[in-house]
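Trainee: I keep getting lost when I look at a whole chain at once. Please pick one part, take me through it slowly, and then show me what lies around it.

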Amino acid sequence: MSQTFRVDLRGIVDLLSHHLYTSPQVYVRELLQNAVDAITAVRQDDASPQRTPRIAISSAEATGDGSLTISDNGIGLSEAQVHELLATIGRSSKRDDLGFARHEFMGQFGIGLLSCFMVSDAIEVATRREGEPTVLWHGRSDGGYTLEPAPADRQRPEAGTTVTLRPRPGREHLLTRRAVTELAAHYGARLPHPVTVDGEPVTGGPAPWERPEGEGAAERRARLEAYCEEVFGFAPFDVVDIAAAEAGLRGVAFVLPMPANPAVPAAHRVHLKQMLLSEGAERLLPEWAFFVRCVVDTTELRPTASREALYEDSLLEATREALGDRLRGWLVRLSVQEPARLRSFLRVHHLGVKALALHDDEMLGLVTEFWPMETNVGPLTLAEFTARYGLLRYTPLLDEFRQVAPVAAAQGLAVVNAGYVYDAELIDRFATVDRALETERLRAADLTTHLARLDAADERSIAPFLAAADPVLARLGCDLLVRSFEPSGLPALYLLDDDTAFQLDVRGAREQVDETWAAILGSFQSETEPRPRLVLNHRNPLARQVLALAEPELRAMCLEGLYVQALLLGHHPLRPADTAALNQSFLGLIGRAVAGGAP
């Protein structure tokens, strides 16, 4: 058997008026929206006499009884329209038929008046359609309402609407002159129709996105910079005009002068048909454009039901792309006209531009030409590096770069540090776009191929030492090599590439879990167990002395000491076994020194 939902009208009104909106202050915005829509309707209606638009708010001080009124000389409503528009929730067809859902109007949902229940338990609407008498509608927060003809002394002299609110306990402060003036100016300062509070205007002055006639470029820039400091709290690095014709959007983007966290969504100031919609609208711009804050006005983008955010649809997606193109064009213009300013910008916001460069060839060219990357021969752009050295040799890990950078430089090998965010991906994309470019990933283990081997005589002389050293380093999970390399002041080098580090991590994890997890982790281990390498420098006098030691115990302590010192120089973490080796070698060598110097 078919049943019908039971609806608690009081609960529905409470839900919409108290939980749809984030703050009771939005009641002023909704009242202004209704008044502007009513005035707009007059201009759309050929049968209505045209008159100078007027929206007048009287605060609690002006009315004298604590109430607030807002009056407009818009189109007004007939008795039948009041039933359809003010007393129906959730049905838009009649609203569409009456013409109040066309895109020229701000209100799309017909529920804005419910926001008034956040500040008042009762709403009175006195409204008159041209050629018809004034009617009075009284709505209550319990969902009930009455509608009756207005008495003679309440008849409006012209078409329009007056809404009266009486504050609920605890909300009186929101109807005072000071509060209403601030809210009306906050939401409606850019409206095209004059708005007054107790006779004082709250609208006027050019909107940020406008270009008043006769205003010079320098004057406009100064005005926009002052606006940015007032609204966003910073002096912009630059000001960029933005627009998206399909969305009827125009506005300005203010470039942040300081780094921004890309993980925190950028909040923008969005107006809908010149009424402030939101101060914290997100996803207006592409994710990579986190370095700007915008103030815009749109006529076509759709608001959500609460009118405090933008509705996610294909038009908003297309708008994001269009605005991203505008910002991309600004960056390109900087690179051509003001390269020094572009470098200043990149020093602050390189992350956003690098993220864009991963998908945009134009931005990739900008990054390779202007963004200096860290190398072991000093800061160089990728364009400078490839022009100077031809082969683009790089390491994708920061710790790996720290290991190989000084040694590679001493061998005449130039290496780029691609261990920072996006850098390795940018090099890969650079090589994909420029087919003639040669790249080489330099791993720590690969560095040994660039280090000079010893001659046959030296190899034979150190063979006994290598055989004796194997058990010492085996306890530490490390292999030993002896090579001859610069700088000669470096006695030992610890080389660990990322593949070997991964295998060591897997092996360590298997030793700490149960058999099931150990079997799972075992599938990630290679058949041949890789080991890091400790490379002794035969050109270093201390290393040669250690290689010549005959006493096994002293030789082991020195080798352990060189091993730990190489770990520390390479910024590697110390395992418990490494710490034990450090203590053993350090204390053992001190003990030898004290014993040798004792009387």
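Mentor: Let's start at a hairpin: strands β9 and β10 have four residues between them, and there Gly248 takes a positive phi near 55°. Strands here are DSSP runs of E with at least two residues, helices are runs of H or I with at least four, and both are numbered from the N terminus. Keep in mind that this is a predicted model, where local features need pLDDT of at least 70 and side-chain atom pairs count only at pLDDT 80 or more, while totals for chains, interfaces and linings use all residues. Residues are numbered from 1 along each chain as its sequence is written, and side-chain values use heavy atoms, with hydrogens and water left out.

Now follow the two arms of the hairpin. β9 covers residues 238-244, and five of its seven residues are buried (buried is under 20% relative accessible area, exposed is over 50%, partly exposed is in between, with a 1.4 Å probe and protein chains only). β10 takes up residues 249-255, runs antiparallel to β9 and is joined to it by seven bridges; strands count as paired if DSSP finds at least two bridges between them. For one rung of that ladder, look at Asp241, whose bridge partner in β10 is Val252.

On we go from β10. Strand β13, residues 292-298, pairs with β10 over six bridges, again in the antiparallel sense. One spot to click on is Ala253, which stands opposite Cys294 in β13.

Zoom out a little, and the hairpin turns out to belong to an open sheet of five strands, in the order β9-β10-β13-β11-β12, with mixed pairing. β9 and β12 (275-281) are the edge strands, each pairing on one side only. On average, neighbouring strands of this sheet are turned by 15° against each other, direction ignored. For angles like this, axes are lines fitted to C-alpha atoms (for helices, over the stretch in contact), and angles run from 0 to 180 degrees between N-to-C directions.

Two helices pack on this sheet. Helix α6 (residues 177-188) touches β11 (268-272) and β12, and its direction makes about 85° with that of β12; contact here means heavy atoms within 4.5 Å. Helix α7 (residues 217-231) touches β9, β10, β11 and β13, with a direction about 75° from that of β10.

Next, the loops of the sheet. Lys273 is found between β11 and β12 and has a phi near 50°, a positive value in a residue other than glycine. Lys273 counts as buried because its relative accessibility is 15%. Arg283, in the loop between β12 and β13, is not a glycine either, yet its phi is positive at about 60°. With 43% relative accessibility, Arg283 counts as partly exposed.

There are aromatic rings to look at too. Phe237, Trp288, Phe290, Phe291, Trp330 and Phe345 are linked by ring pairs into a cluster. Rings of Phe, Tyr and Trp (its six-membered ring) pair if their centres lie within 6.5 Å; planes under 30 degrees apart are stacked, over 60 edge-to-face, and the rest tilted. Phe237 also has Arg341 lying over its face, at 4.4 Å from the ring centre. For a charge to sit over a ring, NZ of Lys or CZ of Arg must be within 6 Å of the ring centre and within 35 degrees of the ring normal. Arg302 gives another case, with its charged end over the ring of Tyr311, 4.1 Å from the centre.

By the ring rule, the count comes to eleven aromatic pairs. Take Tyr494 and Tyr563: their ring centres are 5.9 Å apart and their planes are at 80°, so this pair is edge-to-face. Tyr494 belongs to strand β20 (residues 492-495) and Tyr563 to helix α18, 69 residues apart, and the pair links these distant parts of the chain. Tyr494 counts as buried at 7% relative accessibility, and Tyr563 does too, at 0%.

Finally, the whole chain that you found confusing: there are 19 helices and 21 strands in it. Buried residues make up 47% of its 599 residues.
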